[in-house]
Each structure stands twice: as C-alpha cells, then as structure tokens.
Amino acid sequence: MSSLRIRLAAGAAALIVAASVGASIPSPVLAAGPQLSMSYNMSGDVDNGGRQFGVYAYNWGDEPASDVTTTYDASGLRDVEISVPRWVDDCQLDGKIVTCHFPVLAAEQTSSFQAFELTSRQQSTPGPAGTVKGTIRGFGPDGAEYTGSGDLDVTIIASGPDLVAFAEDINSADDPVGGGDVRPVVAGIYNDGDTPTGDWYVQIWVPTGGGIVEQYSDCEYRDWWPGEHPPGYVYGPSVVTCPAPADLDPLGVGEGLVFVDESGESLFHVAFGKNLRGPEETGGSVQVGLVDDLRAERAPQRLTRKGSSDKTFAEAVAGLAPTTRAASRREGNTENNWAEFAVWTKPNKHDFAVTAGPVSGNIGDIVEIPYTVINNGPSDGSAGWTFTAPTGTLFVDDGDHENGPWCYFNDEDGRPVEELPVVSCSTEGEFPAKASGYQGVQEKIKLRIVSTPGDDGTLRVRPYGENAESNPANDEVKLVVTVGGSGGGLPITGVNAALVGAVGGGVVAVGAALFLLARRRRIVIVSE
C-alpha cells in the first residue's frame, strides 16, 4: 500500500495536471452575482489503501462570495469510509459528512484544496459503491445565499492481498522473565485483502538477551553478535525469517494461520540469557510480507545463517489448520504489516568501567588521551560518558571525528564548536556485555595544553539505569596530564591508522545491529 507521502505527492500532482487542463477550458459567460460550482481532481476509484481527493471551487460570477463552505456527504456509500487527513486544517468531519470553510471566493476565481480521503473497507467487494453528494454555499454582497453542487461517483477497485501480522505479549509485568526462562511466541498472519496472497514470509524479532529456540533448516537466522558465548549468556539468533512452504495454498480472503499447533504448542519459542537487562518493558515484533519484497530486509551475509536442525518450517506449518476472522477487524499497521509484542524482564546488574592513560606534552601541544569504556556484565545495558578537562586544558574537535563517533562538540545552544572544557559522549543505544564479543569503546580524545594542567580532570561513565550498576567504584577515572616527561601524549603529527581501523570494525558491527533494531525496540539515549 502507498505511504502517506506518496499519496500526498500523487494528489498534488493530480491537482497540478487538472488545473492545467481546466485552464484550457473556456469559462462560461459571467453571470450577475456569485455563480458557484465545484468539481474533483480525480475519478472516484478507491481501494483499502485510501485515496485523497482534491476539490476545485469555482466562482463564475462577477461578484465575490463570502463565508464559503463546501460539504461532502458520504452517508450513501457502501463499504467506504470518509476521513479528513490530519494535515488539513480547514475541513472537519462529522459522522460521514465533511465540511470545509474558506472566507472569500473572488469573482472569476478558482480555488483548489485537499478536502477528504476515501478508503474501502477490508475485504469489500469491488464495484459501484454509491455517490458522495457535494454542495457549495456562499453569500453575495447583497447578503443573498448562492449554492452549487458537484457529486462524485465512487467505485471500489481490487486492492490485492493485504498481509497482516498479529502477536500476543510474551508475558506480563506480574510474570517477568530472566536468565534461563523460555517462553512461546504466540503469533499469526492474516490476509485482509480482497484477493489471495502470493508467496509470503514471516519474520520474528526478539530483544537482545533473547534467542529463538527453533532452528528450522529452511529458515534464515540473524545473529548480531555471532560466535560462542559463555554458558548462560544468550545473544540470538535475534531474527528468524521463514518463507511460506512452496506447496502451501495461498491465503484466501480473510484467511490466516496462527503459529500454534493442535496441542497448543507454538512453532516458535524464545530463550532468555543472564545478560537480559532489567527490570524493564522491552519487546519484539512479528512481520509478514510478500517474498518479492524480502530483499530489502536482507542483513549482511556475515550476520545471517540457515537453521541447523533437520526439522523444517514447512513441516511445522503443514499441520496447521487455516483460520478466518471477521472483515470488520482492521489491520493495525498498514504501512509495515508488523505487530509488536511486549516482554517484561527481571532485575539484573551490569558493571561499566572506564580507563584512561596518562599523557604529557608541552604548553601549546595537542595530545591524545587513550581511553576505554566497557561493560563487564553480566547484564547488557546502555551508557554515556563525560570528559571533564583538567584546569589549563581544553578538548579539541578537528572536524574529522577522530575523537570517536559518539562525542559531541556543541555549545549550550547546540552549535558546533572546536574546543570545550566538558565533552559528553554516548553510544545512543544498546551496550552489550563483553560476553557478547563486543570489547567496548577503545578510543582517543584530543586535548590542548593551554597552561600548566591541574589534577581535576575526570572521565566518568553514566550507566542506564544507575541502580543497575554493581560496581560504581570503577565508573570514574582521573585524567592525568603533565608538562614534559615521557608520557603517551606526544604532539600529534598524523592519524593513528591502526587505531582507526580497529575501532571502525567495532563501530560497524554495533552500528548494524542498532540500525536494524531501531524500529523494533525502544532506544534509550543517555545524556546529561
């Protein structure tokens, strides 16, 4: 189905085309007083994706009309709903009647505007659907009322298949999950369209700290942090994508599948590890779509693999009986065909720690301070960190992001600056425990020595949430900067290519996971 942006663009284009066509049509001979009429920018073909209609209001008379209103009565339509787009300010909906207001329509003037949207109901039968009765009213300079009309014949057209996902919450706040727990995913798909589906797929996402148990050999799995992990830690697979079996009949109109067999056993389960953060409400999602659209969902090959068991999804689905649901139940998300489920987790603890190496240089030098931020676990988490420069020094941003992609050189008004005494940094997302294989942030930050440095510089990590931190003692470290000596802060003569390459690899791995998880779960940004 078309997105709102596409439909708006299409409507605007239609108005432009219709206006150019109308300009070539000679207007009638001017009549005394206002002479009002109206027309529409497109034919009345609608489907369940919705179509926005533009309206032309004409005054063919020789006098202006004031307090002009146009009214569109859709009460005679079958299986079609009328609505007003949120961005339209001059039109209001009352039941099945839309009324639009504008103050003046000058003599010989044509006004064009978007007025309403028509959407056919799910599973409605294509064919004639009735007429929108349109009227236009206004008042002349003499106070007399002038009226006109313009009807729109509406036809429902085939919308095609409309795959819809649904899912139940994994658990409740009264029954939280933690390391060692396993829960079923109760989910399903339906076809709310007016034609049978083509080849479809289902995709299930689970939060970090959980992993999909079933390893169907004909499904594809994604591991954001692949490899072996210590016992009790669970890092995926975080996503499973299963295509419909080749010999499965298409889903008919109103037909669907619930992924629970006759014994009540779900086809998918989630196991949770000791790294599952909490207590919090997190979640996952179930998505369904047509196989032809699946390419856009592909992950990098190094993050994707096939299931390892001999059991197949096709065998599991073969025993399911198709179900139906009423056409009046509407799809929750027509743009993405995905449904969220909630997961409530038990309390857990993490251990964030920072280190920073001592540096030395001469007054006027720019030196680099090496530092690390790591989560020793066991819980995954998120965190930011703050640098406070020693008296007599300033942190420097040269514009090349060599201080790392997470540090922000902005003043109080959000404007970029080159030097600051205090710098805040954050991964702006999940920060897994080192058991995941992610070794944290290993970076350098640049610092200018302006005068003899003081001993009041610090680097402090700010875990989220702080009550989950098991060892606050290693959350802060002194920044040691001296003048002269043989420390690690020699004047900068070039970029450390080895460091940039090493850090870049970690950024790509974590960045890929955060980017693809961003629309599936809530991201917490830690800032001061």
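How many salt bridges does a search of the whole structure find? The search finds 13 salt bridges. The legends below describe close-up views of a predicted model.

**View 1. A salt bridge joins Lys 133 and Asp 151.** The closest N and O atoms of Lys 133 and Asp 151 are 3.5 Å apart. Lys 133 belongs to strand 9, which covers residues 127–139. Asp 151 sits in the loop between strand 10 (145–149) and strand 11 (152–156). The pair therefore ties together parts that are 18 residues apart in sequence. Lys 133 is partly exposed, at a relative accessible area of 47%. Asp 151 is also partly exposed, with 43% relative accessibility.

**View 2. Arg 277 and Glu 280 form a salt bridge.** Between Arg 277 and Glu 280, the closest N and O atoms lie 3.6 Å apart. Arg 277 has a relative accessible area of 9% and is buried. Glu 280 has a relative accessible area of 19%; because buried means under 20%, Glu 280 counts as buried.

**View 3. Arg 415 and Asp 411 form a salt bridge.** The closest N and O atoms of Arg 415 and Asp 411 are separated by 3.4 Å. Arg 415 is partly exposed, with a relative accessible area of 49%. Asp 411, at 24% relative accessibility, is partly exposed as well.

**View 4. Salt bridges link Arg 78, Asp 79, Glu 81 and Arg 121 in a network.** The residues to locate in this view are two arginines, Arg 78 and Arg 121, together with Asp 79 and Glu 81.

**View 5. Strand 15 (residues 200–205) is largely enclosed by the rest of the structure.** Six of the six residues of strand 15 are buried, which is why the strand is described as largely enclosed. In a regular strand, side chains alternate between the two faces of the sheet. On one side of strand 15 are Trp 200, Val 202 and Ile 204, and on the other are Tyr 201, Gln 203 and Trp 205. Both faces are covered. Strand 15 runs antiparallel to strand 21 (residues 281–290), and six bridges join the two. In this pairing, Tyr 201 stands opposite Gly 289. Strand 15 also runs antiparallel to strand 18 (residues 239–243), to which five bridges join it. Here Ile 204 stands opposite Val 240.

**View 6. Five strands form an open sheet.** The order of the strands is 25-27-33-29-31, and their pairing is antiparallel. Strand 25 and strand 31 (419–420) stand at the edges. Each of these edge strands has a single partner strand, so one side of each is left without a neighbour in the sheet. Strand 31 is joined by two bridges to strand 29 (residues 393–396), and these strands run antiparallel. Val 396 has Glu 419, in strand 31, as its bridge partner.

**View 7. The largest nonpolar core has 37 residues.** Tyr 371, Trp 385, Phe 387 and Phe 395 are the residues with the most contacts inside this core. At least two core residues come from each of strand 25 (352–356), strand 27 (366–375), strand 28 (382–388), strand 32 (422–426), strand 33 (441–449) and strand 34 (458–464). A second core, separate from this one, has 36 residues, including Ala 165, Ala 244, Leu 251 and Ala 339.

**View 8. Asn 348 lies in the loop between strand 24 (338–344) and strand 25.** Asn 348 is buried, at 18% relative accessibility. A polar atom of its side chain lies 2.8 Å from the backbone oxygen of Leu 276. Leaving aside residues up to four places away in sequence, Asn 348 touches Lys 274, Asn 275, Leu 276, Gly 278 and Pro 279, as well as Pro 378, Ser 379 and Ala 468.

**View 9. Asp 310 is exposed in the loop between strand 22 (304–306) and helix 2 (313–318).** The relative accessible area of Asp 310 is 76%. Leaving aside residues up to four places away in sequence, Asp 310 touches Ser 217 and Glu 315. The C-alpha atoms of Asp 310 and Gln 215 are separated by 8.3 Å, with the two residues 95 residues apart along the chain.

Note on methods
Residues are numbered from 1 along each chain as its sequence is written. This is a predicted model: local features need pLDDT of at least 70, side-chain atom pairs count only at pLDDT 80 or more; totals for chains, interfaces and linings use all residues. Side-chain values use heavy atoms; hydrogens and water are left out. A nonpolar core is a set of buried Ala, Val, Leu, Ile, Met, Phe, Trp, Tyr and Cys residues joined through side-chain atoms within 4.5 Å. Buried means under 20% relative accessible area, exposed over 50%, partly exposed in between (1.4 Å probe, protein chains only). Helices (H or I, at least four residues) and strands (E, at least two) are DSSP runs, numbered from the N terminus. Two strands pair if DSSP finds at least two bridges between them. A polar contact is a pair of N or O atoms within 3.5 Å; within protein, one must be able to donate a hydrogen and the other to accept it, and residues adjacent in sequence count only if both atoms are side-chain atoms. Contact means heavy atoms within 4.5 Å. A salt bridge is a side-chain nitrogen of Lys or Arg within 4 Å of a carboxyl oxygen of Asp or Glu.
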